[in-house]
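Biologist: I have the file open. Can we go through a few spots in it?

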Amino acid sequence: MRSAFATVPFYRERWALDGRTDPVLVPGRTGTDSGAASLAEAVHKIVDLVPLAGGTQRIEPNRGLGPVLRGARSVTGDALVVVLGDERMRPPSDLPRGVRCCVVDPDVPAPGVLAELASALRGGRRVVAVGDDKQLAAFGAALPEDRAYRVESVPRRELDTMDTGPYGVLHDPALGYLGAIEACGRWHLDWPRVYARPTSGGLAFTLLRQDSPRFVDVLPAGGVRGEIAPCPRHGTPVVLT
């Protein structure tokens, strides 16, 4: 946060107006939503999320998929990961070594891609599909009926649509992947890369390893009430809403 306050225009202006300096609240001034900012507002001013030294304005919706899939489905080796989305979506860059990936539009899947997927399934290769419920259903319907059942589906959930699983990854279109349901059945935060805290406006998230655009203490999904607590089994942070 100290770095963002010093180098990112969006936070320099907002926190100063809210009474924050370096970035501690000035006595008597509490700011808005405990100092957190609306993610929608931040994305609207995306140019101001670039540090003064420069950087990209490109949002990466597939950021963090590799680490959360390792926790959600232990995806390693020569698995094939199918990310469901439109053609503008870039494949994730953080999948484990040896794991292949393709982005497929489930509404208009390319015949060549479907043929490759069917071949991979016939050969016994592991195929993991990540998308929302509608995308997963459309993708399954496009595959040969005798192969579709072998696809491992991982539902993509946003903060305001979290369920009890048994599988799922926590996602935001701007922040990327934030966590996943692990073997204990709880929504684990990807804590080495994502920090979260409760505020008066809801759960606020910070991307710890993304330099630009810089997302610090932002409220996704319009602000969702919740808690961050240690997992009774693993001791690492879980998201409770």
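Modeller: Yes; keep in mind that this is a predicted model.

Biologist: Which strand is Glu152 in?

Modeller: Glu152 belongs to strand E7, which covers residues 152-157.

Biologist: Is Glu152 buried or exposed?

Modeller: Glu152 counts as buried because its relative accessibility is 19%, and the cut-off for buried is under 20%.

Biologist: What does Glu152 touch, leaving out residues up to four places away in sequence?

Modeller: Arg73, Arg126, Val127, Val128 and Ala129.

Biologist: Now the largest nonpolar core. How many residues, and which of them touch the most other members?

Modeller: The largest nonpolar core has 30 residues, and those touching the most other members are Tyr11, Leu159, Leu175, Phe205, Phe215 and Val239.

Biologist: Which helices and strands each supply at least two residues of this core?

Modeller: Helices H1 (2-7), H2 (9-17) and H3 (39-44), along with strands E9 (176-181), E10 (187-189), E11 (194-199) and E12 (202-207).

Biologist: What is in the second core?

Modeller: That one is separate and has 17 residues, among them Leu65, Val75, Val130 and Val154.

Biologist: Different topic. How many disulfides?

Modeller: Zero. Cys101 is in none, and its nearest cysteine sulfur, that of Cys102, is 6.1 Å away. Cys102 is likewise in no disulfide; the cut-off is sulfur atoms within 2.5 Å.

Biologist: And why does Cys101 count as partly exposed?

Modeller: Because the relative accessibility of Cys101 is 24%, and partly exposed runs between 20% and 50%. Cys102, with a relative accessible area of 18%, is buried.

How values were computed:
Residues numbered from 1 in each chain as written. Predicted model: local features only at pLDDT ≥ 70, side-chain atom pairs only at ≥ 80, totals over all residues. Heavy atoms only, no water. Helix = DSSP H or I, 4+ residues; strand = E, 2+ residues; numbered from the N terminus. Buried < 20%, exposed > 50% of the residue type's maximum accessible area, 1.4 Å probe, protein only. Contact = heavy atoms within 4.5 Å. Core = buried A, V, L, I, M, F, W, Y, C linked by side-chain atoms within 4.5 Å.
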